[in-house]
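Open the model in your viewer and keep the selection panel at hand. The stops below run from ligand to pocket to cavity to backbone.

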Amino acid sequence: MKIAILPGDGIGTEIVGEAQKLLALLREQGVAVETEIAPIGGAGYDAARHPLPDATLALARAADAVLLGAVGGPRYDTLPRELRPEQGILGIRKALSLFANLRPALLYPELAAASTLKPEVVAGLDIVIVRELTGDIYFGEPRGRRKTAAGDDEGFDTMRYSVPEIERIARVGFETARKRARRLTSVDKANVLDTSILWREVVTRLAAQYPDVTLSHMYVDNAAMQLVRNPRGFDTIVTGNLFGDILSDEASMLAGSIGMLPSASLDANGKGLYEPIHGSAPDIAGKNVANPLATILSVAMMFRHTFARPDVAERIEAAVRGALRQGLRTADIAQPGEAVVGTRAMGDAVVAALRAQ
Ligand code: IPM
Ligand code: MG
């Protein structure tokens, strides 16, 4: 099991460092993982003048799975778009055809009070957002800047989805729902966008092959509202790249903190890139305050989806619950008056809980 480790920028190195401690323990316990580190994002730009250096992409291609921290930082904000750190992530998703992004939003009972929503609204929350990741307005051409007929500057992007792209992500949606409560909500904007009208047609057609899954459709604006009004009304959501980006950040707040949410980005063969859904948080970088749990839970997803080792995934998830149950809280999930631990102490507690199993 070869893992390419791409810490990236900001808090990326700290949170990935905690995940590496966990991998070291698993190796000690006989789980045959090998790791190799390479720069991406701003770190890639610093090392090789590109957010996705050739050597990094080659390492990621050769590996069975990729663990990514986060990218971005104020030092790189003035670079042209094609050299910005975000292009490192977007580039690797596209180059490895990681079209299926799974973003579970699960509320640990210990953290019910950490959500900004009332505990009774979020208790028992268990949603998976299946976000398409290599298409849509993120990658659609043409895009760019031009002059209007009147001589004004304008910027433009293209939203587009082809039938095969919609079909393959919809299948992941149906199959994900099938392993859960069998309810799939497809989110679109079919009251306005042609892309969404096609999306809805294709998803509806496919539903005939999944009679055991109950499909419903929802406009994205309504979905944004329902997520905070009645989040437990959702089981599995399937949606496009842009809507999924927005809704998954919203869903993270239901779970208490964006610092808790892992993600998997998979290709058609189960190879995957695993990353926390949060960013590089430059404001707290290097201060030992970031929450490493989203990254550690991303490693659990890696064992489940790429390495077909649900046993290891469950052990990691149980260790995270153990640390939470012991009362360990990083700043993002602490209640007023609760004692706060740092990144390393939280990582150590998870490793200790794993060792004690
Ligand atoms: C995410 C992030 C990325 C995205 C950025 C960093 C390019 O927000 O993974 O959700 O927009 O997909
Ligand atoms: Mg995002």
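Select R93 and ligand 1: a polar side-chain atom of R93 lies 2.7 Å from an oxygen atom of the ligand. Add R103, where a polar side-chain atom is 2.8 Å from an oxygen atom of ligand 1. Now add D245, with a side-chain N or O atom 2.9 Å from a ligand 1 oxygen. Each is a polar contact (a pair of N or O atoms within 3.5 Å; within protein, one must be able to donate a hydrogen and the other to accept it, and residues adjacent in sequence count only if both atoms are side-chain atoms). Ligand 1 taken alone exposes 320 Å², and the protein buries 78% of that (Shrake-Rupley areas, 1.4 Å probe).

Before going on, note that this is a predicted model, in which local features need pLDDT of at least 70, side-chain atom pairs count only at pLDDT 80 or more, and totals for chains, interfaces and linings use all residues. Residues are numbered from 1 along each chain as written, chains are lettered from A and ligands numbered from 1 in written order, and side-chain values use heavy atoms, without hydrogens and water.

**The ligand shell**

Select E86, R93, R103, R131, Y138 and D245, which surround ligand 1 (a heavy atom within 4 Å). Colour them by class: 5 are charged, 1 is nonpolar and none is polar. Here Asp, Glu, Lys and Arg count as charged, Ala, Val, Leu, Ile, Met, Phe, Trp, Tyr, Cys and Pro as nonpolar, and the others, Gly among them, as polar.

**The largest pocket**

Which pocket holds ligand 1? The second largest (more than half of its atoms lie within 2 Å of the grid points). A pocket is an open set on a 1 Å grid over the protein atoms alone, with protein on both sides within 12 Å along at least five of seven lines; lining residues have an atom within 4 Å of a point.

Move to the largest pocket, with about 800 Å³ of space (filled by probe spheres set on points joined across faces, edges and corners). It has 28 lining residues; select L102, V128, M301, R304 and H305, the closest to its centre. The lining divides into 16 nonpolar, 4 polar and 8 charged residues. Strand 4 (100-106) gives at least two of them, as does helix 10 (293-305). Strand 4 supplies the largest share, 5 residues. Strands (E, at least two residues) and helices (H or I, at least four) are DSSP runs, numbered from the N terminus.

**The cavity**

A cavity is a set of points where a 1.4 Å probe fits but cannot get out. The count is 1 cavity of 30 Å³ or more. The largest has a volume of about 80 Å³. Select its lining, including D136, Y161, D188 and W199. By class, that lining has 5 nonpolar, 3 polar and 2 charged residues. Helix 7 (194-207) brings the largest share, 3 residues.

**Two backbone stops**

Most residues other than glycine have a negative phi, and most peptide bonds are trans. Zoom to E141 and P142: the peptide bond between them is cis, with omega near 0°. P142 is in the loop between strand 5 and strand 6 (144-147). Finish at A281, which is not a glycine yet has a positive phi of about 40°. A281 lies in the loop between strand 12 (272-276) and helix 10.
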